[in-house]
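This report looks at how side chains pack and pair in the structure shown here.

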Amino acid sequence: MTRRLLDLLDEHGATGTFFLVGEIAREAPDLVREIGARGHEIASHSYRHVPLIDETPQQFLAEITRSKAHLEDLVGRQVVGFRAPVFSLTRETIWATEVLREAGFRYSSSVLPASSFAYGLPTAPRAPFLWASGLLEIPCPVGRIGPLVLPFLGGMYLRYLPPWRLRQFSAQVAESALWSYCHPYDIDIGEPFTLARGSTFIGSLFLWCNRSVALRRLSALLAFNSWRTFETRLDELYAAASSQCLDDELDSRGEAIPLMARVQSSRA
(Lines give C-alpha, C1' and ligand atoms only; values in the text may rest on other atoms or scores of the structure.)
Protein backbone atom coordinates (compact mmCIF):
# COMPACT_ATOMS: atom_id res chain seq x y z
CA MET A 1 0.00 0.00 0.00
CA THR A 2 2.89 2.38 0.71
CA ARG A 3 4.15 1.94 -2.85
CA ARG A 4 0.65 2.68 -4.17
CA LEU A 5 0.78 5.97 -2.29
CA LEU A 6 4.23 6.64 -3.72
CA ASP A 7 2.90 6.01 -7.23
CA LEU A 8 -0.01 8.39 -6.61
CA LEU A 9 2.36 11.15 -5.52
CA ASP A 10 4.52 10.53 -8.60
CA GLU A 11 1.47 10.80 -10.85
CA HIS A 12 0.82 14.30 -9.54
CA GLY A 13 4.44 15.44 -9.25
CA ALA A 14 3.96 15.86 -5.50
CA THR A 15 6.26 15.14 -2.58
CA GLY A 16 5.24 14.18 0.93
CA THR A 17 6.54 13.61 4.42
CA PHE A 18 6.53 9.98 5.55
CA PHE A 19 6.43 9.58 9.33
CA LEU A 20 7.89 6.14 9.96
CA VAL A 21 7.73 3.92 13.04
CA GLY A 22 11.23 2.79 14.03
CA GLU A 23 10.32 -0.86 14.53
CA ILE A 24 8.73 -1.04 11.09
CA ALA A 25 11.69 0.74 9.49
CA ARG A 26 13.95 -1.98 10.85
CA GLU A 27 11.73 -4.63 9.27
CA ALA A 28 11.56 -2.90 5.86
CA PRO A 29 14.81 -0.95 5.30
CA ASP A 30 14.58 -1.21 1.50
CA LEU A 31 11.17 0.47 1.52
CA VAL A 32 12.55 3.32 3.65
CA ARG A 33 15.40 3.80 1.17
CA GLU A 34 12.94 3.77 -1.73
CA ILE A 35 10.76 6.45 -0.13
CA GLY A 36 13.80 8.68 0.28
CA ALA A 37 15.14 7.91 -3.21
CA ARG A 38 11.80 8.93 -4.74
CA GLY A 39 12.20 12.43 -3.31
CA HIS A 40 10.14 12.31 -0.14
CA GLU A 41 11.01 13.43 3.37
CA ILE A 42 11.66 10.78 5.99
CA ALA A 43 10.48 11.71 9.49
CA SER A 44 9.95 9.83 12.75
CA HIS A 45 6.68 8.45 14.09
CA SER A 46 8.29 7.20 17.33
CA TYR A 47 10.02 3.86 17.78
CA ARG A 48 7.19 1.63 19.07
CA HIS A 49 4.04 3.59 18.11
CA VAL A 50 2.76 4.04 21.64
CA PRO A 51 1.09 7.24 22.88
CA LEU A 52 3.40 9.72 24.58
CA ILE A 53 1.41 9.35 27.80
CA ASP A 54 2.75 5.78 28.03
CA GLU A 55 6.38 6.92 27.69
CA THR A 56 8.82 8.29 30.24
CA PRO A 57 11.14 11.14 29.25
CA GLN A 58 14.23 8.97 29.70
CA GLN A 59 12.89 6.03 27.71
CA PHE A 60 11.48 8.29 25.01
CA LEU A 61 14.80 10.12 24.55
CA ALA A 62 16.72 6.86 24.26
CA GLU A 63 14.30 5.31 21.77
CA ILE A 64 13.74 8.39 19.63
CA THR A 65 17.47 9.07 19.41
CA ARG A 66 18.15 5.49 18.31
CA SER A 67 15.30 5.52 15.81
CA LYS A 68 16.33 8.88 14.37
CA ALA A 69 19.92 7.67 13.85
CA HIS A 70 18.72 4.50 12.13
CA LEU A 71 16.48 6.40 9.72
CA GLU A 72 19.33 8.79 8.93
CA ASP A 73 21.64 5.87 8.21
CA LEU A 74 19.10 4.38 5.81
CA VAL A 75 18.49 7.52 3.74
CA GLY A 76 21.79 9.34 4.18
CA ARG A 77 20.35 12.63 5.34
CA GLN A 78 19.19 14.32 8.52
CA VAL A 79 15.76 13.53 9.99
CA VAL A 80 14.26 16.70 11.47
CA GLY A 81 10.53 15.94 11.87
CA PHE A 82 8.46 13.97 14.37
CA ARG A 83 4.82 13.02 14.75
CA ALA A 84 3.49 11.49 17.96
CA PRO A 85 1.32 8.38 17.57
CA VAL A 86 -2.40 9.28 17.54
CA PHE A 87 -1.55 13.00 17.96
CA SER A 88 -0.79 12.30 21.62
CA LEU A 89 1.10 15.52 22.37
CA THR A 90 -1.16 17.03 25.03
CA ARG A 91 -0.84 19.21 28.13
CA GLU A 92 0.26 16.15 30.09
CA THR A 93 3.07 15.36 27.64
CA ILE A 94 4.52 18.82 26.94
CA TRP A 95 7.80 17.47 28.33
CA ALA A 96 8.23 15.69 24.99
CA THR A 97 8.86 18.99 23.21
CA GLU A 98 12.03 19.50 25.25
CA VAL A 99 13.14 15.91 24.61
CA LEU A 100 12.57 16.22 20.87
CA ARG A 101 14.66 19.38 20.71
CA GLU A 102 17.41 17.67 22.72
CA ALA A 103 17.35 14.77 20.26
CA GLY A 104 17.91 17.15 17.35
CA PHE A 105 14.45 17.51 15.85
CA ARG A 106 13.45 20.86 14.36
CA TYR A 107 9.70 20.38 14.19
CA SER A 108 6.80 18.32 15.48
CA SER A 109 3.40 17.69 13.91
CA SER A 110 1.80 16.03 16.90
CA VAL A 111 -0.99 18.29 18.17
CA LEU A 112 -4.71 17.99 17.47
CA PRO A 113 -6.00 21.47 18.43
CA ALA A 114 -9.43 20.18 19.44
CA SER A 115 -11.17 18.00 21.98
CA SER A 116 -11.11 14.35 21.00
CA PHE A 117 -12.26 10.94 22.23
CA ALA A 118 -8.57 10.03 22.41
CA TYR A 119 -6.03 12.86 22.57
CA GLY A 120 -6.29 16.57 21.92
CA LEU A 121 -5.08 19.99 22.99
CA PRO A 122 -8.04 22.30 22.33
CA THR A 123 -6.29 25.43 23.67
CA ALA A 124 -3.42 25.13 21.18
CA PRO A 125 -3.24 27.51 18.21
CA ARG A 126 -4.49 26.15 14.90
CA ALA A 127 -1.65 27.75 12.94
CA PRO A 128 2.01 26.66 13.25
CA PHE A 129 3.59 27.88 16.49
CA LEU A 130 6.76 27.56 18.55
CA TRP A 131 7.18 25.69 21.80
CA ALA A 132 9.37 27.16 24.53
CA SER A 133 12.25 24.93 23.42
CA GLY A 134 12.20 26.52 19.97
CA LEU A 135 10.62 23.40 18.45
CA LEU A 136 8.17 24.26 15.67
CA GLU A 137 4.72 22.70 15.99
CA ILE A 138 2.58 22.15 12.87
CA PRO A 139 -0.89 21.29 14.21
CA CYS A 140 -3.37 19.04 12.47
CA PRO A 141 -5.79 21.11 10.30
CA VAL A 142 -9.28 21.20 11.79
CA GLY A 143 -12.69 22.43 10.70
CA ARG A 144 -15.77 23.29 12.73
CA ILE A 145 -19.38 22.12 12.47
CA GLY A 146 -21.21 23.83 15.32
CA PRO A 147 -19.57 22.55 18.51
CA LEU A 148 -17.65 19.82 16.67
CA VAL A 149 -14.03 20.42 15.62
CA LEU A 150 -12.74 17.72 13.27
CA PRO A 151 -9.36 16.84 11.69
CA PHE A 152 -11.09 16.75 8.33
CA LEU A 153 -8.21 16.23 5.90
CA GLY A 154 -6.91 12.93 7.16
CA GLY A 155 -7.65 9.32 7.97
CA MET A 156 -11.23 8.22 8.21
CA TYR A 157 -12.49 11.85 8.23
CA LEU A 158 -11.21 12.28 4.68
CA ARG A 159 -13.04 9.08 3.75
CA TYR A 160 -16.38 9.89 5.37
CA LEU A 161 -16.94 13.62 5.02
CA PRO A 162 -18.57 14.71 1.72
CA PRO A 163 -16.38 16.64 -0.77
CA TRP A 164 -18.34 19.87 -0.35
CA ARG A 165 -17.69 19.77 3.40
CA LEU A 166 -13.98 19.18 2.80
CA ARG A 167 -13.88 22.26 0.56
CA GLN A 168 -15.77 24.29 3.15
CA PHE A 169 -13.37 23.30 5.91
CA SER A 170 -10.33 23.95 3.73
CA ALA A 171 -11.51 27.53 3.22
CA GLN A 172 -11.45 28.00 7.00
CA VAL A 173 -7.76 27.13 7.29
CA ALA A 174 -4.81 29.38 6.46
CA GLU A 175 -2.80 28.09 3.51
CA SER A 176 0.36 27.76 5.61
CA ALA A 177 -1.50 25.41 7.98
CA LEU A 178 -3.19 23.24 5.33
CA TRP A 179 -2.01 19.68 4.81
CA SER A 180 -3.43 16.18 4.51
CA TYR A 181 -2.44 12.83 5.97
CA CYS A 182 -3.28 9.17 5.56
CA HIS A 183 -2.14 5.71 6.57
CA PRO A 184 -1.45 2.81 4.20
CA TYR A 185 -4.48 1.01 5.65
CA ASP A 186 -6.73 3.90 4.54
CA ILE A 187 -6.41 2.66 0.95
CA ASP A 188 -6.21 -1.08 1.65
CA ILE A 189 -9.58 -2.28 0.38
CA GLY A 190 -8.50 -5.92 0.53
CA GLU A 191 -7.78 -6.09 4.25
CA PRO A 192 -10.35 -8.22 6.12
CA PHE A 193 -12.16 -6.70 9.07
CA THR A 194 -10.48 -7.16 12.44
CA LEU A 195 -10.73 -5.41 15.77
CA ALA A 196 -8.14 -2.64 15.89
CA ARG A 197 -5.80 -2.75 18.87
CA GLY A 198 -7.25 -0.69 21.71
CA SER A 199 -10.45 0.10 19.79
CA THR A 200 -14.09 -0.90 20.17
CA PHE A 201 -16.09 -2.83 17.57
CA ILE A 202 -17.72 0.39 16.32
CA GLY A 203 -14.40 2.22 16.24
CA SER A 204 -12.78 -0.63 14.34
CA LEU A 205 -15.68 -0.68 11.88
CA PHE A 206 -15.24 3.04 11.13
CA LEU A 207 -11.52 2.50 10.55
CA TRP A 208 -12.23 -0.34 8.14
CA CYS A 209 -15.20 0.92 6.08
CA ASN A 210 -15.30 3.31 3.13
CA ARG A 211 -11.69 2.80 2.09
CA SER A 212 -12.62 2.61 -1.60
CA VAL A 213 -12.96 6.41 -1.81
CA ALA A 214 -9.61 7.26 -0.19
CA LEU A 215 -7.43 7.21 -3.31
CA ARG A 216 -9.99 9.23 -5.24
CA ARG A 217 -10.15 11.86 -2.49
CA LEU A 218 -6.36 12.04 -2.22
CA SER A 219 -6.01 12.32 -5.97
CA ALA A 220 -8.45 15.22 -6.04
CA LEU A 221 -6.47 17.03 -3.34
CA LEU A 222 -3.21 16.49 -5.21
CA ALA A 223 -4.69 17.69 -8.51
CA PHE A 224 -5.78 21.10 -7.27
CA ASN A 225 -2.99 22.02 -4.88
CA SER A 226 0.80 22.16 -4.75
CA TRP A 227 2.06 19.68 -2.16
CA ARG A 228 5.55 19.82 -0.66
CA THR A 229 7.28 18.22 2.28
CA PHE A 230 7.31 19.91 5.67
CA GLU A 231 11.09 20.03 5.52
CA THR A 232 11.12 22.24 2.41
CA ARG A 233 8.67 24.65 4.08
CA LEU A 234 10.41 24.99 7.44
CA ASP A 235 11.94 28.43 6.91
CA GLU A 236 8.62 30.00 5.93
CA LEU A 237 6.76 28.16 8.69
CA TYR A 238 9.27 29.28 11.32
CA ALA A 239 9.03 32.86 10.07
CA ALA A 240 5.24 32.86 10.32
CA ALA A 241 4.94 30.93 13.58
CA SER A 242 3.67 32.62 16.69
CA SER A 243 6.11 32.79 19.59
CA GLN A 244 3.26 32.16 22.00
CA CYS A 245 1.89 28.63 22.26
CA LEU A 246 -0.77 28.42 24.93
CA ASP A 247 -2.29 31.13 27.09
CA ASP A 248 -0.82 29.39 30.12
CA GLU A 249 1.96 27.27 28.64
CA LEU A 250 3.83 25.18 31.19
CA ASP A 251 7.35 23.89 31.02
CA SER A 252 8.39 20.33 31.90
CA ARG A 253 8.50 21.29 35.61
CA GLY A 254 4.96 22.68 35.57
CA GLU A 255 6.10 26.30 35.77
CA ALA A 256 4.68 29.08 33.62
CA ILE A 257 6.96 30.26 30.81
CA PRO A 258 7.18 34.06 30.32
CA LEU A 259 6.50 35.16 26.75
CA MET A 260 9.95 36.80 26.40
CA ALA A 261 11.63 33.54 27.41
CA ARG A 262 9.69 31.77 24.68
CA VAL A 263 10.81 34.29 22.08
CA GLN A 264 14.45 34.13 23.15
CA SER A 265 14.38 30.33 23.17
CA SER A 266 12.87 30.19 19.70
CA ARG A 267 15.67 32.39 18.34
CA ALA A 268 18.49 30.43 19.97
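## Salt bridges and the nonpolar core

Arg-33 is partly exposed, having a relative accessible area of 40%, where buried means under 20% relative accessible area, exposed over 50% and partly exposed in between (1.4 Å probe, protein chains only). This is a predicted model, in which local features need pLDDT of at least 70 and side-chain atom pairs count only at pLDDT 80 or more, while totals for chains, interfaces and linings use all residues. Residues are numbered from 1 along each chain as its sequence is written, and side-chain values use heavy atoms, with hydrogens and water left out.

The side chain of Arg-33 meets that of Asp-30 in a salt bridge, a term that stands for a side-chain nitrogen of Lys or Arg within 4 Å of a carboxyl oxygen of Asp or Glu. Asp-30 counts as exposed at 55% relative accessibility, and the two residues, three apart in helix H3 (residues 29-37), are separated by about one helical turn. Helices (H or I, at least four residues) and strands (E, at least two) are DSSP runs, numbered from the N terminus.

By this rule the count comes to twelve salt bridges, among them the three listed here with their N to O distances.

| Salt bridge | Closest N and O atoms |
|---|---|
| Arg-33 and Asp-30 | 2.8 Å |
| Arg-48 and Glu-55 | 3.0 Å |
| Arg-48 and Glu-63 | 2.9 Å |

Arg-48 is partly exposed, with a relative accessible area of 26%, whereas Glu-55 is buried at 8%. Because Arg-48 lies in the loop between strand S2 (41-44) and H4, and Glu-63 in helix H4, their salt bridge ties together parts that are 15 residues apart in sequence. Glu-63 is also buried, with a relative accessible area of 10%. Elsewhere, salt bridges with shared partners join Arg-3, Asp-7, Asp-10, Glu-34 and Arg-38 into one network.

The largest nonpolar core holds 70 residues, of which Phe-60, Tyr-107 and Leu-136 touch the most other members; such a core is a set of buried Ala, Val, Leu, Ile, Met, Phe, Trp, Tyr and Cys residues joined through side-chain atoms within 4.5 Å. Helix H4 (residues 57-75) gives this core its largest share, five residues. Leaving aside neighbours within four places in sequence, Leu-136 is in contact (heavy atoms within 4.5 Å) with residues including Tyr-107, Phe-129, Leu-234 and Tyr-238.
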